[in-house]
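The exercises below are meant to be worked through with the sequence and the 3D structure open, and each task is followed by a solution that goes step by step.

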Amino acid sequence: MKKMMFIGETRVGKSSLIRALSGEEFSSHRAMAVEYFGQYINTPGEFLENSWFYNALITSSADCDILAMVQDATRSSSLFPPLFAPIFNRKVVGVITKVDDPAANTERAERFLNSAGAREVVHTSVRTGTGLDTLREMLR
Ligand SMILES: Nc1nc2c(ncn2[C@@H]2O[C@H](COP(=O)(O)OP(=O)(O)OP(=O)(O)O)[C@@H](O)[C@H]2O)c(=O)[nH]1
Ligand SMILES: [Mg+2]
């Protein structure tokens, strides 16, 4: 069974995405720990926000087939460093969250993800269900 690991800043929507994708009760405790839920692996936002945790992200990614770099469409900044994706040595997909939000700017989010090294980018919303099937399909 293929696994997908989500990385992204705090509050970008990682837990919401896992809840929507799995269709089950996934309750995140905001713990400073990597969480395993079926085919999905959640990581603390702090791991991306503090570069001394990058090693923890890289180590955890050994368990996944696909790494999802999660960018909030409403944010005007991104903490993904340029060319971050290749260091994981995995298939990497960019995931834009909250595309339903009136303040969403998907072109900006896509630029952040492209510069971080994501070639493929999926637009998602847990409110409308946009993009969820595309992500599920990748795990088949
Ligand atoms: N409009 C909209 N809001 C969303 C969407 N996904 C998540 N949110 C909101 O964004 C906020 C953060 O969502 P979480 O899923 O807790 O984010 P997280 O990345 O798990 O956050 P941490 O666990 O703190 O790192 C919540 O208030 C969600 O309701 C979406 O698709 N659309
Ligand atoms: Mg969470």
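N89 is found in the loop between β4 and β5, where helices (H or I, at least four residues) and strands (E, at least two) are DSSP runs numbered from the N terminus. This is a predicted model in which local features need pLDDT of at least 70 and side-chain atom pairs count only at pLDDT 80 or more, while totals for chains, interfaces and linings use all residues. Residues are numbered from 1 along each chain as its sequence is written, chains are lettered from A and ligands numbered from 1 in the order in which they are written, and side-chain values use heavy atoms, with hydrogens and water left out.

**Exercise 1. Loop residues**

Find the sign of phi for N89 and for R11, and decide whether each residue is buried or exposed.

Step 1: Most residues other than glycine have a negative phi. N89, although not a glycine, has a positive phi of about 60 degrees, and R11, in the loop between β1 and α1 (14-22), has a positive phi near 70 degrees.

Step 2: Buried means under 20% relative accessible area, exposed over 50%, and partly exposed in between (1.4 Å probe, protein chains only). N89 is exposed, with a relative accessible area of 66%, and R11 is exposed at 68%.

Step 3: For another loop residue, take S61, which is found between α3 (54-60) and β4; S61 is buried, with a relative accessible area of 2%. Leaving aside neighbours within four places in sequence, S61 is in contact (heavy atoms within 4.5 Å) with M5, L67, F88 and R90.

**Exercise 2. The nonpolar core**

Determine which residues have the most contacts inside the largest nonpolar core, and which elements give two or more residues to this core.

Step 1: A nonpolar core is a set of buried Ala, Val, Leu, Ile, Met, Phe, Trp, Tyr and Cys residues joined through side-chain atoms within 4.5 Å. The largest has 21 residues, and those with the most contacts inside it are I7, M69, F80 and F84.

Step 2: Two or more residues come from each of β1 (4-7), α2 (46-49), β4 (66-72), β5 (91-97) and α4 (106-115).

Step 3: Apart from this core lies another, of 18 residues, among them M4, L17, Y40 and V122.

Step 4: Turning back to M69, and leaving aside its neighbours within four places in sequence, its contacts include I7, F80, F84, V92 and L113.

**Exercise 3. Salt bridges**

Count the salt bridges, and explain what the pair K91 and E120 ties together.

Step 1: A salt bridge is a side-chain nitrogen of Lys or Arg within 4 Å of a carboxyl oxygen of Asp or Glu, and by this rule the count comes to six.

Step 2: The side chains of K91 and E120 meet in a salt bridge (3.2 Å, N to O). Because K91 lies in strand β5 and E120 in strand β6 (residues 120-123), the pair ties together parts that are 29 residues apart in sequence. Both ends are partly exposed, K91 at 40% relative accessibility and E120 at 35%.

Step 3: R136 and D133 also meet in a salt bridge (2.7 Å, N to O); being three residues apart in helix α5 (residues 132-138), they are separated by about one helical turn. R136 is partly exposed, with a relative accessible area of 25%, whereas D133 is exposed, at 56%.

Step 4: Finally, E9, D72, R75 and K98 are linked in a network of salt bridges.
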